[in-house]
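Here is a friendly walk through one protein model, written for someone who likes to know the cut-offs behind each statement. Have a look at the structure first, and then read on.

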Amino acid sequence: MEKLVSSWFNNKTLPQSYIFPPETRPGNHIIPGSNAIPVIDLGNASAHDRTLVVQQILKASQEFGFFQVINHGVSEDLMNDTMNVFKEFFELPAEDKADLYSEEFNRPCKLYTSSANYDGDKVHLWRDSLRHPCHPLEECIKIWPQKPTRYREIVAAYSIEAKKLGSRILDLISEGLGLDLGYFGDKLSESVVVSVNHYPPCPDPSLTLGIAKHCDPSLLTILLQGDVFGLQVLNDGKWIGVEPLHNAFVVNIGHQLEVVSNNRLKGAEHRVVTNSTVARTTAAIFLNPSQDCIVEPAKSLIRADESPAYRAFKFKEFLYNYVTMGGNSEKSLEPFKLHG
Ligand code: OGA
Ligand code: NI
């Protein structure tokens, strides 16, 4: 517990173990929130404009691997309640969170700090995180935090809505790629995991990161980023800030969708910078394949003059390699690539 950044960050100087090497630290160069990342209005998706929405999603997923969605159907009240209950969780007194703190890799519901392997970190990350599965609800809700009192009720409603939204976006993506409707509907997106990130104010944001450069191991990620800036996406070798937009979700393509689409969609690299004034809380919902699900490039996407870029693998094989490689985005897919 005492390792959590939120337990000691008031100390005012950044410990040596949080200082990134010069080539990966953000530095003093300020990257503002930018409107480069497309904002897609899903309110149009049910009418005759569906084709346009499909095209917008495909284009954003090819160019950036990132987009934001508005008019997505999740109510503003539920988004606010969810953000508030996550913030309240991190504000609970230490004794109310102590039972959830764990450095055990496989513990399903846990509060931890930095990465899944604190002792193996080269540099620690300036974040605490609460992570747990969200589906199937009846099974996993029993292991969720019991405080704040409304945690289970609100997060249950939220995770159902987030999964629904994710499935809708996956349907639009499958339409855009020309895959059968429902292609992603079963085992490929069966597992739903929430990761609530909490980044306390940091004494020197130029030297450290909340999350280092990575691409999500998921199929698709739906992020509630709140109203504090911090997320940056790598595009053509440059970092672009993702502007916090009220009532929007940030959506990004994970490694699994990169594989299934045979690299038509881009698993975008991103990172999180900290700030010295306000705490930032975000919640990522990862739609993941089930552990034993076979992931491979969709056969119908391989044209006659093309070959698959990856061999088939089980999602758990991928995860094992992802963790072993410390989330390094170039190396995580390496063992599954087919050359030639
Ligand atoms: C993540 C992530 C972004 C953020 O949890 O994988 O990239 O802004 N989070 O917290
Ligand atoms: Ni991420």
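## Strands, a metal site and a ligand

Strand β3 (residues 66-70) is mostly covered, with four of its five residues buried. Buried here means under 20% relative accessible area, exposed means over 50%, and partly exposed lies in between (1.4 Å probe, protein chains only). Strands (E, at least two residues) and helices (H or I, at least four residues) are DSSP runs, numbered from the N terminus.

Before going further, a word on the ground rules. This is a predicted model, in which local features need pLDDT of at least 70, side-chain atom pairs count only at pLDDT 80 or more, and totals for chains, interfaces and linings use all residues. Residues are numbered from 1 along each chain as its sequence is written, chains are lettered from A and ligands numbered from 1 in the order in which they are written, and side-chain values use heavy atoms, with hydrogens and water left out.

**How the strands pair**

Back to β3, which has partners to describe. Two strands pair if DSSP finds at least two bridges between them. Strand β2 (residues 39-41) runs parallel to β3, and three bridges join the two; in this pairing Ile40 stands opposite Val69 of β3. With strand β11 (residues 249-253), β3 pairs in the antiparallel sense through four bridges, and there Phe67 stands opposite Val251 of β11.

Another set of five strands makes up an open sheet of mixed pairing, in the order β1-β10-β9-β12-β7. Its edges are β1 (33-34) and β7 (211-214), each of which has a single partner strand, so one side of each is left without a neighbour in the sheet. Inside that order, strand β9 (residues 231-235) and strand β10 (residues 238-242) are antiparallel, with four bridges between them. Asn235 has Lys238 in β10 as its bridge partner.

**The nickel ion**

Which residues hold the nickel ion (ligand 2)? The donors are His214 (NE2), Asp216 (OD) and His270 (NE2), at 2.1 Å. Donors are N, O and S atoms within 2.8 Å of the metal (3.2 Å for Na, K and Ca); water is not among the atoms, so sites may look incomplete. Along the sequence, the donor residues follow the spacing H-x1-D-x53-H. The two histidines link distant parts of the chain, since His214 belongs to strand β7 and His270 to strand β12 (residues 270-272), 56 residues apart. His214 is buried at a relative accessible area of 13%, and His270 is also buried, at 5%.

**Around ligand 1**

Those histidines reappear beside ligand 1. Of the 13 residues around ligand 1, the ones that come nearest are Tyr199, His214, His270, Arg280 and Thr282; a residue is counted if one of its heavy atoms lies within 4 Å. The table lists polar contacts (pairs of N or O atoms within 3.5 Å; within protein, one must be able to donate a hydrogen and the other to accept it, and residues adjacent in sequence count only if both atoms are side-chain atoms).

| Side chain | Partner | Distance |
|---|---|---|
| Asn197 | oxygen atom of ligand 1 | 3.1 Å |
| His214 | oxygen atom of ligand 1 | 3.1 Å |
| His270 | oxygen atom of ligand 1 | 2.9 Å |

Taken alone, ligand 1 exposes 290 Å², and the protein buries 95% of that; these areas come from the Shrake-Rupley method with a 1.4 Å probe, and for residues only the protein chains shown count as cover. The shell draws at least two residues from each of β6 (191-199), β7, β12 and β13 (280-288). With four residues, β13 gives the most.

**Three buried residues**

Leu257 lies in helix α7 (residues 255-260) and is buried, with a relative accessible area of 0%. Setting aside residues up to four places away in sequence, Leu257 touches Leu170, Ile173, Phe184, Ser218, Leu219, Leu220 and Leu265, where contact means heavy atoms within 4.5 Å. Leu257 and Leu220 are 37 residues apart in sequence, yet 7.0 Å apart in space, C-alpha to C-alpha.

Asn262 sits in the loop between α7 and β12 and is buried at 8%. Its side chain reaches the backbone nitrogen of Ala309 at 2.7 Å. Beyond neighbours within four places in sequence, the contacts of Asn262 include Pro297, Ile302, Glu306 and Tyr310.

Gly210 is found in the loop between β6 and β7, buried with a relative accessible area of 0%. Among its contacts, leaving aside neighbours within four places in sequence, are Trp126, Tyr199 and Val272.
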